[in-house]
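Please take a look at the chain shown here before reading on. The paragraphs below go through it step by step.

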Amino acid sequence: MRRTIAAQMITLLLLLTACADGGAEAAFEALRQTVQTSEISASATVTVLGTDTAETFTYDFAETASGCEMSVTEPELLSGVKAHIDADQTTLEYDGVILPAPLNENRRAPLTALRQVLSAIREGHLDLIWREGDTIVVQLIPEDDEAIRLYLDPDGTPVAAEIIFDDAAALRCQIHSWNTKRGTDDESNDPNLG
């Protein structure tokens, strides 16, 4: 008798746990599907963590057929600097001058943060998913020593992300706008566009 009640309680607990995410996993899977079939453009503020001085950069990001383009908007000193990243190289451009730019060896490269987040959404292993109030939190593992913690609004639109290396947060992204483009159709999840 006790075994039957214990088995029923365990079954009930498993059922409640499976329903506990309240659609969070479905919202993430819908985002993953959209990101896999679309080009993404976004605007974000990225803060470099774990260094002596806090570095913060705001930039616009857009995927292209050959890679991705970024344009720094803040800090003012760097406003107008553009970066292009493709499979083979990274280049920086300022006022028409184009220079090769190696990626930061300690992997705290703010201009590549959104690209890392997109890559993790597309290909990373879904490790954990939970809710913090209305926010959906997804932890993705793209590599053994790296994790991406992605924060989604209730509709499944990314609003923030943290890039974690060796169990320490290295970059924090505050996503201001998020837009998807499929073929000639343009879908926007940017609340500022009405």
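**A walk through the strands and a helix**

A hairpin joins strand β8 to strand β9, with two residues between them. This is a predicted model, and the hairpin is a convenient place to start reading it.

Strand β8 covers residues 135-143, and its pairing with β9 is antiparallel, with six bridges. One of the residues to look for is Ile136, whose bridge partner in β9 is Leu152. Strand β9 itself takes in residues 146-152. Six of these seven residues are buried, so β9 is mostly covered.

On its other pairing, β9 meets strand β10, which is made of residues 158-165. These two strands are also antiparallel, and seven bridges link them. Two facing pairs can be picked out here: Arg149 stands opposite Glu162 of β10, and Ile148 stands opposite Ile163 of β10. The hairpin of β9 and β10 has five residues between the strands. Within this hairpin, Gly156 has a positive phi near 90°.

How many of the residues of β10 are buried? Seven of the eight are, and the strand is therefore described as mostly covered. From β10 the reader can go on to strand β11, which spans residues 168-182. The two run antiparallel and are joined by six bridges. Glu162, already met opposite Arg149, has Arg172 as its bridge partner in β11. Between β10 and β11 the hairpin has two residues, and Asp166 takes a positive phi near 50° there.

Now turn to a helix. Helix α2 runs over residues 24-36, a total of 13 residues. At 1.5 Å a residue it should span 18 Å, and because its end C-alpha atoms are 18 Å apart, the model agrees with that expectation. The buried residues of α2 are Ala24, Ala27, Phe28, Leu31, Arg32, Thr34 and Val35. They lie on the same side of α2, because they cover an arc of only 165° around the axis.

Another residue of α2 is Ala30. Is Ala30 buried, partly exposed or exposed? Its relative accessibility is 43%, and buried means under 20% while exposed means over 50%, so Ala30 counts as partly exposed. Ala30 also gives a way back to the strands described above. Its C-alpha atom is 9.9 Å from that of Thr157, although the two residues are 127 residues apart in sequence.

The cysteines are worth a separate look. A disulfide is a covalent bond between the sulfur atoms of two cysteines. The structure holds zero disulfides. Two cysteines can be described by their cover: Cys68 has a relative accessible area of 1% and is therefore buried, and Cys173 counts as buried because its relative accessibility is 1%.

Finally, consider the chain as a whole. Its secondary structure comes to three helices and 12 strands. There are 194 residues, of which 38% count as buried. The chain exposes about 11500 Å², and carbon and sulfur atoms supply 52% of that area. Of the contacts in the chain with a separation of 6 or more, 40% are accounted for by residues 24 or more positions apart.

Notes: Residues numbered from 1 in each chain as written. Predicted model: local features only at pLDDT ≥ 70, side-chain atom pairs only at ≥ 80, totals over all residues. Heavy atoms only, no water. Buried < 20%, exposed > 50% of the residue type's maximum accessible area, 1.4 Å probe, protein only. Helix = DSSP H or I, 4+ residues; strand = E, 2+ residues; numbered from the N terminus. Pairing = 2+ DSSP bridges. Disulfide = S-S within 2.5 Å. Expected span 1.5 Å × (residues − 1). Arc of directions from axis to C-beta. Contact = heavy atoms within 4.5 Å. Areas by Shrake-Rupley, 256 points an atom, 1.4 Å probe, with all protein chains shown as cover.
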